[in-house]
Amino acid sequence: MTPSLQIPAELRQLVNDGLWPMNNESCQLQNLRPIIPREIVRTFASDEETIVLYPYPFSTVQEARRTNKYWEDERSALGEIDPELSLIIGDLGIGSDTAIILDYRKEKPRLLRLQWGAEENHWVDCGLSIAELADHIRKQKAEPGAPPNGGPATRSASSGPPEGPPSVS
């Protein structure tokens, strides 16, 4: 993660409270039991069903470009964002090739998602504030039987974050 990009307080608190996925295992569990309910996902992405939150710490798009060809493909619409000012925090599930980022080009970071189109793809505002995202996570994780997340601030060396959606072929 680029040191100058400060994680918003709401997300930092989720990490500190052990409510954000902290390893690849807890990240993958979201494919079976999503943290964010489908009804919430559909309020800002009507054609999607799930959000998969990536483990903390996050990578910038620029960092991910070094090892993941997805970010070099024109369909990732890199011309619409600043790769050095974009933290990858998740995607819209298996096979979606749709990243969710924190965009730091303005004073206050905002959530963007890659929206696929018939002709080309574009980065669009999620229509969800970071505080609202945090509230949804906190509410869902507070329910009985919520899936484990790897615990607060404990990671093994091999549990780094996914570097973005799968490679585009």
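## A greasy cavity

The lining of the largest cavity splits into eight nonpolar residues, no polar ones and no charged ones. Here nonpolar covers Ala, Val, Leu, Ile, Met, Phe, Trp, Tyr, Cys and Pro, charged covers Asp, Glu, Lys and Arg, and polar is everything else, Gly included. The model is predicted, so to speak of a local feature takes pLDDT of at least 70 and a side-chain atom pair needs 80 or more, while totals for chains, interfaces and linings use all residues. Numbering starts from 1 along each chain as its sequence is written, and side-chain values use heavy atoms, with hydrogens and water left out.

So who's on the wall? Phe44, Ile51, Leu53, Ile100, Leu111, Cys126, Leu128 and Leu133 line this cavity. A cavity is a set of points on a 1 Å grid over the protein atoms alone where a 1.4 Å probe fits but can't get out, and a lining residue has an atom within 4 Å of a point. The count is one cavity of 30 Å³ or more, and the largest holds about 30 Å³ of space. Volume is the space filled by probe spheres set on the points, with grid points joined across faces, edges and corners.

## The overall layout

The protein chain has five helices and six strands, taken as DSSP runs numbered from the N terminus (helices H or I, at least four residues; strands E, at least two). Walk along the sequence and you get α-α-α-β-β-α-β-β-β-β-α.

Of the 169 residues in the chain, 47% are buried, where buried is under 20% relative accessible area, exposed is over 50%, and partly exposed sits in between (1.4 Å probe, protein chains only). As for contacts (heavy atoms within 4.5 Å), take those between residues at least 6 apart in sequence: 63% of them join residues at least 24 apart.

## Helix H1 and its covered face

Helix H1 spans residues 9-16, and its buried residues are Leu11, Leu14 and Val15. Looking down the H1 axis, these buried residues fall within an arc of 100°, so they line one face of the helix; the arc is taken over the directions from the helix axis to the C-beta atoms. Their cover includes strand S4 (99-103) and helix H5 (130-141).

Just after H1 comes Gly18, which has a positive phi of about 75°.

## Two hairpins through S5

Strands pair here if DSSP finds at least two bridges between them. S4 and S5 run antiparallel and are joined by four bridges, with six residues in the hairpin connection. S5 (residues 110-115) is also joined by four bridges to S6 (residues 122-125), again antiparallel, and that hairpin has six residues between its strands.

Leu112 is a handy landmark in S5: Ile101 stands opposite Leu112, and Leu112 stands opposite Asp125 in S6. Gln115 has His122 as its bridge partner in S6.

## Leu92, a buried loop residue

Leu92 sits in the loop between strand S3 (86-91) and S4, and at 3% relative accessibility it counts as buried. Skip its neighbours within four places in sequence, and Leu92 is in contact with Val41, Ala45, Glu48, Thr50, Ile51, Thr98, Ile100 and Arg113. Among these, Ile51 and Ile100 also line the cavity. The C-alpha atoms of Leu92 and Val52 are 6.0 Å apart, with their places 40 residues apart along the chain.

## Backbone oddities

Most residues other than glycine have a negative phi, and most peptide bonds are trans. Ala77 isn't a glycine, yet its phi is positive, about 50°. Ala77 lies in the loop between helix H4 (61-65) and S3, and it is buried at 9% relative accessible area. Which residues does Ala77 contact beyond its neighbours within four places in sequence? Those are Leu114, Asn121, His122 and Trp123. Ala77 and Asn121, 44 residues apart in sequence, are 6.2 Å apart C-alpha to C-alpha.

The other oddity is a cis peptide bond between Tyr56 and Pro57, with omega about 5°. Pro57 is in the loop between strand S1 (52-53) and strand S2 (59-60).

Methods:
1 Å grid on protein atoms, 1.4 Å probe; cavity = no way out; pocket = protein on both sides within 12 Å on 5 of 7 lines; lining within 4 Å.
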